[in-house]
Amino acid sequence: MSEPLLEVRDLSMTIGGRRRRRTILRDVSLRLDAGRTLGLVGESGSGKSMTARSILRLLPAGARTEGTVRFDGASLPDLSPAQLRRVRAHEIAMVFQDPRAHVNPVRTIGDFLTEALVLNDGVAAAEARDRARAGLADVGLSEPDRRLDQHPHELSGGMLQRVMIAAALLARPRLLLADEPTTALDVTTQSEVMAIVDELRRELGTAMLFITHDLELAAAVCDELAVMYAGEIVERAPAAQLVSSPRHPYTAALLAARPSVERRRARMATVGGRPIAAYEAGSGCSFAPRCPHAEERCRTAQALRPLGTAEVRCCRAEELETAAAERGEEAVR
Ligand SMILES: Nc1ncnc2c1ncn2[C@@H]1O[C@H](COP(=O)(O)OP(=O)(O)OP(=O)(O)O)[C@@H](O)[C@H]1O
Ligand SMILES: [Mg+2]
C-alpha cells in the first residue's frame, strides 16, 4: 500500500490542569489518500473539531496530545513553528466552524483573501486581487468585485462561509480540513456549495476531511466515512456501504433517527439518550448506556477492528448483522 497523504494513528488528547485533566480524544486513527475525501461524522461534542485542530496543531491552551500525525511522510507534531506555518500556508488549509471568529472585523474581505498570496507566495497585489475575485466567483458569491471592498459584518453568515472556502482553496492546498463549512446555509444551498467545493477540490487534486453532523450530506460528498462517538471512532467504512449497511449500533441509530430530506431543516438527527463526552466514558463501550443491544461483555474495552471492508468498535457487530439479515433487514437497522 502506498503511503497515505494523511495518517493519524492512535491520536489522544487531554485538556485542563493537573487536577481536572479531561480526555477529549481517544485513539483516533484516520487515513486519507491524496485527492480522496473522508467524512468525519458525529453528534455535537464527539470530538470532530478537536481532531481537525490536532492535525494542524491548532490546539486550545493546556491541550496535550499523544499519537502519530503524518502528512506526506512528515510528523506534524515534530515540526518547528516555522515549518508548521509553511504547512498551513501551502499544504493544509482549514475552513473553521465559526467563520466570524477567524476573520479580522476591521479588515476588508479583499485584504483577508490576498494577504497570504502576497506575503507567502510573493504574488503581486493586482494579481492577488484578480485571483481573489475569481475565487469568490468560483464559490458562487454574487458581485465578487464589490465583496472585496466590504467588511465581514456586511456579509451574512452564509456569504462569509463561502469567503472562507474561497480563502482555503486559493492556496491550492493538498489537504482541506473543512469543519462544518456549510452550517450557516440552508439545506438546498448546503448541497450546492458542497458540490462546488467538490468540483474545485477535484480540479486541484485536493484531499478533504469533511466534518459534519449530517450523515447524508457526508455520504453524498465523501468516499469514506468515519463515525465519532465520545472522542473515538466507532465505525469507518466506504461511504455508500456505511449508509446502506451500518455495522455499529450507533451508526445505525444515527441513520434511523435521520429526518427525511424535507424535514431535515426543522429537526436534527437525534438518538435516544444523551451523548456522553469522552471524559465521562468508562472502560467499556462508550455507547453501551444508550445501545439497545448492549449486554454484559459490552462493559469491557472495545477495539476498532476490521470487519470486511469496514472497521467497527463493537464486539456484537457480526451477531447483530446476522440477526438483521435473518429478519431481512440490512445490518443492524
Ligand atoms: N477549548 C476547550 N477547552 C476544553 N474543552 C473543550 C474545548 N473545546 C472543546 N472542548 C470539549 O471537547 C469535546 C470535543 O469538542 P469538539 O469541539 O471537538 O466537538 P465537535 O464534535 O466538533 O462538536 P460540534 O458538532 O458541536 O462542533 C467536547 O466535550 C467539548 O466540550
Ligand atoms: Mg465542531
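This is a short tour of the pockets, the ligand and the cavity in a predicted model.

Before you click, some ground rules: residues count from 1 along each chain as its sequence is written, chains are lettered from A and ligands numbered from 1 in the order in which they are written. In this predicted model, local features need pLDDT of at least 70, side-chain atom pairs count only at pLDDT 80 or more, and totals for chains, interfaces and linings use all residues, while side-chain values use heavy atoms, with hydrogens and water left out.

**Stop 1: the ligand**

Select ligand 1 and show what surrounds it, meaning residues with a heavy atom within 4 Å. You should get Ile15, Ile24, Glu43, Ser44, Gly45, Ser46, Gly47, Lys48, Ser49, Met50, Pro60 and Gln97. Colour that shell by class and it splits into 4 nonpolar, 6 polar and 2 charged residues. Here Ala, Val, Leu, Ile, Met, Phe, Trp, Tyr, Cys and Pro count as nonpolar, Asp, Glu, Lys and Arg as charged, and the others, Gly among them, as polar. H1 gives the most to the shell, with 3 residues; helices are DSSP runs of H or I with at least four residues, strands are runs of E with at least two, and both are numbered from the N terminus.

Now turn on the polar contacts (pairs of N or O atoms within 3.5 Å; within protein, one must be able to donate a hydrogen and the other to accept it, and residues adjacent in sequence count only if both atoms are side-chain atoms). A backbone N or O atom of Gly45 is 2.8 Å from a ligand 1 oxygen, and for a backbone N or O atom of Gly47 the distance to a ligand 1 oxygen is 3.0 Å. Lys48 uses a polar side-chain atom instead, 2.8 Å from an oxygen of ligand 1. Of the 640 Å² that ligand 1 exposes when taken alone, the protein buries 65% (Shrake-Rupley areas, 1.4 Å probe; for residues, only the protein chains shown count as cover).

**Stop 2: the pocket around it**

Ligand 1 sits in the second largest pocket, with more than half of its atoms within 2 Å of the grid points. On a 1 Å grid over the protein atoms alone, a pocket is an open set of points with protein on both sides within 12 Å along at least five of seven lines, a cavity is a set where a 1.4 Å probe fits but cannot get out, and lining residues have an atom within 4 Å of a point. The volume is about 420 Å³, counted as the space filled by probe spheres set on points joined across faces, edges and corners. Of its 23 lining residues, Glu43, Ser44, Gly45, Ser46 and Lys48 lie nearest the centre.

**Stop 3: the largest pocket**

Next, select Arg88, Met94, Phe112, Ala116 and Ala167, the residues nearest the centre of the largest pocket among 22 in its lining. Its volume is about 700 Å³. H3 brings the largest share of the lining, 8 residues. By class, you'll find 17 nonpolar, 2 polar and 3 charged residues.

**Stop 4: the cavity**

Finish at the largest cavity, about 100 Å³ in volume. Pick Pro249, Cys285, Cys291, Cys298 and Cys314, the closest to its centre of 15 lining residues. That lining divides into 10 nonpolar, 3 polar and 2 charged residues.
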